[in-house]
Amino acid sequence: MLLQTLEEIYDLLISEFEDGTADPPALLRKMCALYGLASVAYFGVNVQKSTAADPFLTVTYSSDWVTHYKKSNYVTLDPVIRSGFSGVLPTEWNGHDYRGAKFRRFFGEASEFGIGYNGLTIPVRGRSGDRALFTITGNGSPEKWRRDLKYLKRDFHMFAYLFHQMVTRRGNPEPPMVHLAPREVECLKWKATGKTDWETSMIMGISEKTVRFYVNLILSKLGAVNTTHAVTKAYSENILIGPP
């Protein structure tokens, strides 16, 4: 994708998110068209006070697939839903085991309805029990999908959090205060000084994997798209006070 297009969609989305006039389905269709994707979907739970018991679903899928999915009760089988809500890192669909007949049938039918065999699901965890899955799919060759994943992961990790913030802001105009655990605060303070994951792990006496786990939790809690964004938001909310 051309840089100009990336800048255009970023500026467009940011402006629409900030002024609160964005139309969720239209935004997903716009992302789908600009990135040449087969589909884009957002599935959120506990995202709006008025409908806390019901999931919030916005997709570019055909209405026929949505009806078939619900009728077949695929929510209980869908490995994307099951693994997405149990993890904190993006999940590539090719990491799932398709050997079972039920899974082959599920993904085969999804492909027939135009969903796409190649997919990426990004989990989002909010401040007060709100959680979501943001999924993109493509119909290109596996080789092209792997090449595209570098910028798709980068861009849609950001868009997933922005989209989730838009949905939750509509349902909860007054977001609660963010609370980070002491170790999360310590980790973020060291990251704010420019320390790498390895340096932070040595200072805190933990593994690099644990540092990355803390960072992902911090991003989710603060609704940040990267560490720099998280540090900025933490300072603005008086979470980072004093030296590490």
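Student: Is the side chain of Lys 191 counted as buried or exposed?
Tutor: The model is predicted, so local features need pLDDT of at least 70 and side-chain atom pairs count only at pLDDT 80 or more, while totals for chains, interfaces and linings use all residues. Residues are numbered from 1 along each chain as its sequence is written, and side-chain values use heavy atoms, with hydrogens and water left out. On the scale applied here, buried means under 20% relative accessible area, exposed means over 50%, and partly exposed lies in between (1.4 Å probe, protein chains only). Because its relative accessibility is 17%, Lys 191 counts as buried.

Student: Which residue forms a salt bridge with Lys 191?
Tutor: Side chains of opposite charge can pair when their charged atoms come close. A salt bridge is taken as a side-chain nitrogen of Lys or Arg within 4 Å of a carboxyl oxygen of Asp or Glu. For Lys 191 the closest N and O atoms are 2.7 Å apart, and the partner is Asp 197.

Student: How many residues apart along the chain are Lys 153 and Glu 92?
Tutor: The side chains of Lys 153 and Glu 92 meet in a salt bridge, at 2.8 Å from N to O. Lys 153 is partly exposed at a relative accessible area of 35%, and Glu 92 is partly exposed at 24%. The pair links distant parts of the chain, Lys 153 being in helix α6 and Glu 92 in strand β3, and the separation is 61 residues.

Student: By about what are Arg 146 and Glu 143 separated in helix α6?
Tutor: These side chains also meet in a salt bridge, at 3.8 Å from N to O. Arg 146 counts as partly exposed at 49% relative accessibility, and so does Glu 143 at 42%. Because they are three residues apart in helix α6, their separation is about one helical turn.

Student: Which element gives the most residues to the largest nonpolar core?
Tutor: A nonpolar core is a set of buried Ala, Val, Leu, Ile, Met, Phe, Trp, Tyr and Cys residues joined through side-chain atoms within 4.5 Å, and the largest has 28 residues, with Leu 37, Phe 134, Ile 136, Leu 152, Phe 156 and Phe 163 having the most contacts inside it. Helices (H or I, at least four residues) and strands (E, at least two) are DSSP runs numbered from the N terminus. At least two core residues come from each of α2, β1, β4, β5 and α6. With 13 residues, the element that gives the most is α6.

Student: Which element supplies the largest share of the lining of the second largest pocket?
Tutor: A pocket is an open set of points on a 1 Å grid over the protein atoms alone, where a 1.4 Å probe fits and protein lies on both sides within 12 Å along at least five of seven lines; lining residues have an atom within 4 Å of a point. About 450 Å³ of space lies in this pocket, and of its 24 lining residues the closest to the centre are Leu 57, Tyr 61, Tyr 69, Asp 78 and Ile 81. The elements giving two or more lining residues are β1, β2, α3, α4, α5 and β5. The largest share, four residues, comes from α3.

Student: What distance separates the C-alpha atoms of Gly 36 and Thr 137?
Tutor: Gly 36 lies in the loop between α2 and β1, and at 64% relative accessibility Gly 36 counts as exposed. Although Gly 36 and Thr 137 are 101 residues apart along the chain, their C-alpha atoms are separated by 9.6 Å.

Definitions and conventions
Grid points are joined across faces, edges and corners, and a volume is the space filled by probe spheres set on the points.
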